[in-house]
Amino acid sequence: MRFAFFDAKSYDKPSFEKYGAEHGIEFKYFETKLNEDTAELAKGFDGVCVFVNDDLNANVIDKLYEYGIKAIALRCAGYNNVDVKHAYGKIHIFRVPAYSPYAVAEHTMAMLLTSIRRIHKAYIRTREFNFSLNGMTGFDLHGKTVGVIGTGKIGRIFIDICKGFCMKILAYDKFPAKDTDIEYTELDNLFAKSDIISLHCPLTEETYHIIDEKSISKMKKGVVILNTSRGALIDAEALLCGIKERRVGAACLDVYEEESDIFFEDFSGHIVEDDTLARLISMPNVLVTSHQAFLTEEALSNIAETTVKNISEFFSTGRCENELCYHCGRTDDCKKHRIESCF
Ligand code: NAI
């Protein structure tokens, strides 16, 4: 089997080479992202392997189908960048539902601690032998209330980490878990009572800009907002206003709505055109990482192992446990539990 691997980075290759060789799958690595302009590169392959910022809209799906692509192997959990409805009946889609929820939850806490204890500033200061503590006052996490939106795999691990700091937990989930002692509340109450708000829900029509001007106006003054989920959960302009008005005390962002042409690339010698991002980064209380939360050795190995297993399982049996479609789990039309395949 031959797969066109888009948006390839040097850190992807070792694990994919290892697991691919074990299952007879050859990957051809393309540094470019998959979109309407680059879809033609997929000609002659059995499938494509894609990541979070490849754009698989309806036109791209049609092109891939025309080229005989049988499978889209997502090497990530989220699939908001794929028109899964349009792909239904044409191309099978697999994803990696979990590779290391610990990686993302731990990165979220790392960003929170870095931000509120000014570690990023201390690192720069002491390297220049500036040992002044002016402007470095932080606050204790102990006893603070953290509002967690989305209590799936990552949200729950983040809650456990926060419990280790003796923080109070408030949670909101559209589908609250029944097998936990998590205290669920309404979204407005979470906004009003939380000192820190962390987003761990998927990006859907409902969660798009869940943090906007209106929700920010309901939050405590000085709230710290954490987003390691998907950029478009936050209206970045509204966040900027909230920061300027001093309502938002700090923001830690591993994701950004317009990240697709910026994140993962080196722009250090260029002028970044995105004024909102540039303004956010210029704020002393905003910490940005470049969609890095997943990036641990364990996660990279698990991603490659599961992606290769998905491909191998599908091509040898016609089924894949991690196949997804727009019906999956949500409607009575979900065929997977009956025929073990989406279509
Ligand atoms: P998950 O599927 O285990 O949990 C998501 C939770 O969100 C579920 O409990 C679900 O019921 C809830 N949810 C769904 N719709 C909701 C709504 N409208 N409002 C509130 N909650 C809602 O997913 P997991 O593995 O915990 O991942 C969470 C998100 O983290 C992913 O959707 C993905 O976008 C992001 N992610 C980010 C990474 C990074 O490197 N920054 C890496 C991996 C995932």
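Rings of Phe, Tyr and Trp (its six-membered ring) pair if their centres lie within 6.5 Å; planes under 30 degrees apart count as stacked, over 60 as edge-to-face and the rest as tilted. The model is predicted, and local features need pLDDT of at least 70, side-chain atom pairs count only at pLDDT 80 or more, while totals for chains, interfaces and linings use all residues. Residues are numbered from 1 along each chain as its sequence is written, and side-chain values use heavy atoms, with hydrogens and water left out.

**Exercise 1. Find the aromatic pairs and classify Phe3–Phe315 and Phe27–Tyr29.**

Step 1. Searching the whole structure gives 16 aromatic pairs.

Step 2. The ring centres of Phe3 and Phe315 are 6.1 Å apart and the planes stand at 90°, so this pair is edge-to-face.

Step 3. Phe3 belongs to strand S1 (residues 2-5) and Phe315 to helix H11 (residues 297-317), so the pair ties together parts that are 312 residues apart in sequence. Helices (H or I, at least four residues) and strands (E, at least two) are DSSP runs, numbered from the N terminus.

Step 4. Phe3 is buried, at a relative accessible area of 0%, whereas Phe315 is partly exposed, at 28%. Here buried means under 20% relative accessible area, exposed over 50%, and partly exposed in between (1.4 Å probe, protein chains only).

Step 5. For Phe27 and Tyr29 the centres are 6.4 Å apart and the planes at 40°, so the pair is tilted. Phe27 is buried, with a relative accessible area of 7%.

Step 6. One aromatic cluster is formed by Phe3, Phe5, Phe16, Phe27, Tyr29, Phe94, Phe314 and Phe315.

**Exercise 2. Describe the surroundings of the ligand.**

Step 1. There are 22 residues around the ligand, and Lys153, Ile154, Asp173, Thr228 and Asp254 come nearest. A residue is near a molecule or strand if one of its heavy atoms lies within 4 Å of it.

Step 2. Sort the shell by residue type: nine are nonpolar, eight polar and five charged. In this scheme Ala, Val, Leu, Ile, Met, Phe, Trp, Tyr, Cys and Pro count as nonpolar, Asp, Glu, Lys and Arg as charged, and the others, Gly among them, as polar.

Step 3. List atom pairs. A polar side-chain atom of Lys153 is 2.8 Å from a ligand oxygen atom, and one of Ser229 is 3.3 Å from a ligand oxygen atom. From Lys174, a backbone N or O atom lies 3.5 Å from a nitrogen atom of the ligand.

Step 4. Of the 860 Å² of accessible area that the ligand has on its own, the protein covers 87%. Accessible areas come from the Shrake-Rupley method with a 1.4 Å probe.

**Exercise 3. Place Ser229 and give its backbone contact.**

Step 1. Ser229 sits in the loop between S9 and helix H9 (236-244).

Step 2. Ser229 is buried, with a relative accessible area of 13%.

Step 3. Its side chain reaches the backbone oxygen of Cys201 at 2.7 Å.

**Exercise 4. Which strands pair with S8, and in what sense?**

Step 1. Strand S6 (residues 145-149) runs parallel to S8, joined by four bridges. Two strands pair if DSSP finds at least two bridges between them.

Step 2. Strand S9 (residues 223-227) also pairs with S8 in the parallel sense, over four bridges.

Step 3. Take Ser198 in S8: Val148 is its bridge partner, and Leu226 in S9 stands opposite Ser198.

Step 4. Both faces of S8 (residues 196-199) are covered, with Ile196 and Ser198 buried on one side and Ile197 and Leu199 buried on the other.

Methods: A polar contact is a pair of N or O atoms within 3.5 Å; within protein, one must be able to donate a hydrogen and the other to accept it, and residues adjacent in sequence count only if both atoms are side-chain atoms.
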